[in-house]
Amino acid sequence: MDLDVYVSAHRPEWDRLDHLLRRGRRLTGAEADELVALYQRTATHLSLLRSSAPDPVLTARLTQLVARARATVTGTRRASWRDAAAFLTSGFPAAVYRSRHWWIPTAVLSTLLAAIIGWWIGTHPEVQSSIAAPDELRRLTRPGGEYETYYSSHPAASFAAQVWTNNAQAAAMCLVLGAFLCVPVLWILFLNMLNLGVGLGLMSSAGRLDTFLGLVLPHGLLELTAVFVAAGTGLRLGWTLIDPGPLPRRTALAQQGRAALGMALGLALVLFVSGLIEGFVTPSGLPTWARIAIGIAAELAFLLYVYVLGGRAARAGETGDVESPDRSADLPTAA
């Protein structure tokens with residue numbers, strides 16, 4: 001392609017499009033139709049220039065021109081409470097449901113890893129001694145020790161807010177860092193399972209595994225499920241970078257990334273509920289069976305939410321991606 005000839009041939013169209021955009025709403029019907037046609041042609045020109053004769057200055061100008069034209073043609077739309085309701089009743093649960101083949105194996109393997117670590121620590125005194133001195137281990141595991149007082153060491157409201165913030169950060173890191181070929185997500189998962197396995201092992205070696213589970217299960221079921229969903233989604237995002245399937249890599253990654261961003265918002269709400277349970281139920285004076293029952297009820301409610309609402313929405317075609325008017329346009333691909 002002779003770039004100078006191509007630019008000379010189409011510059012009048014680009015200038016005309018720019019002129020129409022500057023006029024804004026003061027367009028006649030014929031001029032509005034002309035703007036749409038020029039927008040479509042300029043998008044094609046931009047695609048051809050990118051693939052055949054990339055020029056940074058010209059590409060930047062046309063990219064900006066196409067973006068302005070698209071905003072004018074499609075218009076802007078403000079988010080409403082209806083959008084929020086649609087997200088909570090279909091978009092988010094559908095995204096979680098569609099990614100179940102990633103987060104369910106992640107949950108199973110991670111839980112198995114935590115159990116193995118707990119068994120290894122609990123049955124090997126030499127491993128326990130490498131973690132901490134005997135006196136410190138007794139302070140951690142004795143009745144009224146640090147494992148128990150941890151959940152009541154701060155006022156319930158501030159503790160719930162702190163827990164929610166920490167867990168939301170961990171979930172967000174799993175979602176975002178998945179784009180780095182999955183490795184950071186696996187490391188975050190390992191650290192979480194290591195922390196859980198150490199607690200299991202030390203408390204079981206002290207004969208207080210029932211107490212530990214009574215403290216962890218009320219909030220831990222929902223909390224860990226949210227972390228597993230985030231990790232599974234992050235792994236799926238990283239694998240999309242490796243194998244985008246039938247879509248172009250950039251398009252597939254953008255689609256999965258937008259869905260992951262929406263899931264981050266939804267999981268923040270799930271972790272908020274988990275934080276409330278950890279702040280107000282776990283350290284409460286309720287019997288152990290009652291606290292665990294609350295945790296199981298919260299977990300079952302979330303799973304029903306995903307499999308009933310999410311499954312129905314996914315079968316209806318919902319993907320968890322943003323609405324088509326809010327997506328960036330996919331430009332034509334040059335042959």
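**Figure 1. E148 and R208 form a salt bridge in this predicted model.** E148 counts as partly exposed, at 24% relative accessibility. R208 is buried, with a relative accessible area of 14%. The closest N and O atoms of R208 and E148 are 2.4 Å apart. E148 belongs to helix α8 (residues 146-149), and R208 sits in the loop between α10 (183-205) and α11, so the pair ties together parts that are 60 residues apart in sequence. Elsewhere, D18, R22 and R68 are joined into one network by salt bridges that share partners. The whole structure contains seven salt bridges.

**Figure 2. R41 and E13 meet through their side chains in a salt bridge.** The N to O distance for R41 and E13 is 2.7 Å. E13 lies in helix α1 (residues 3-23) and R41 in helix α2 (residues 29-52), so this pair ties together parts that are 28 residues apart in sequence. Is E13 buried or exposed? With a relative accessible area of 19%, E13 is buried, because the limit for that class is under 20%. R41 is partly exposed, at 38% relative accessibility.

**Figure 3. D15 and R61 meet in a salt bridge between side chains.** Here the N to O distance is 2.9 Å. D15 is in helix α1 and R61 is in helix α3 (residues 56-74), so the pair ties together parts that are 46 residues apart in sequence. D15 has a relative accessible area of 36% and is partly exposed. R61 also counts as partly exposed, at 29% relative accessibility.

**Figure 4. Helix α3 packs against α1 and α2 through its buried residues.** α3 has 19 residues. From its first C-alpha to its last, α3 reaches 26 Å, close to the 27 Å expected at 1.5 Å a residue. Which residues of α3 are buried? They are L58, T59, L62, L65, V66, A69 and R70. Down the axis of α3, these buried residues fall within an arc of 135 degrees, so they line one face of the helix. The face turned away from the buried side of α3 carries the exposed residues P56, V57 and Q64.

**Figure 5. The largest nonpolar core has 43 residues.** In soluble globular proteins, nonpolar side chains tend to be buried together. Which residues touch the most other members of the largest nonpolar core? F92, V96, L267 and F302 do. At least two residues of this core come from each of α4 (81-98), α5 (100-122), α9 (156-177), α10, α11, α12 (249-281) and α13. The largest share, 11 residues, comes from α11. Another core, of 17 residues, lies apart from this one. Its members include L17, L35, L46 and L49.

**Figure 6. F302 is in contact with residues distant in sequence.** Neighbours within four places in sequence are left aside here. The contacts of F302 are then F92, V96, L222, T225 and V270. F302 is also one of the residues that touch the most other members of the largest nonpolar core.

**Figure 7. T225 is a buried residue of helix α11 (residues 209-242).** T225 has 9% relative accessibility. Which backbone oxygen does the side chain of T225 reach? That of L221, at 2.7 Å. Without its neighbours within four places in sequence, T225 is in contact with W103, G220, E299 and F302.

**Figure 8. V308 is a partly exposed residue of helix α13 (residues 288-315).** Its relative accessible area is 39%. V308 and A94 are 214 residues apart along the chain. Their C-alpha atoms are separated by 9.4 Å.

**Figure 9. The protein chain has 13 helices and zero strands.** From the N terminus on, its elements run α-α-α-α-α-α-α-α-α-α-α-α-α. Of its 335 residues, 39% count as buried. Among contacts in the protein chain with a separation of 6 or more, 78% come from residues 24 or more positions apart.

Methods
Residues numbered from 1 in each chain as written. Predicted model: local features only at pLDDT ≥ 70, side-chain atom pairs only at ≥ 80, totals over all residues. Heavy atoms only, no water. Helix = DSSP H or I, 4+ residues; strand = E, 2+ residues; numbered from the N terminus. Buried < 20%, exposed > 50% of the residue type's maximum accessible area, 1.4 Å probe, protein only. Polar contact = N/O pair within 3.5 Å; in protein donor to acceptor, adjacent residues only side chain to side chain. Contact = heavy atoms within 4.5 Å. Salt bridge = Lys/Arg side-chain N within 4 Å of Asp/Glu carboxyl O. Expected span 1.5 Å × (residues − 1). Arc of directions from axis to C-beta. Core = buried A, V, L, I, M, F, W, Y, C linked by side-chain atoms within 4.5 Å.
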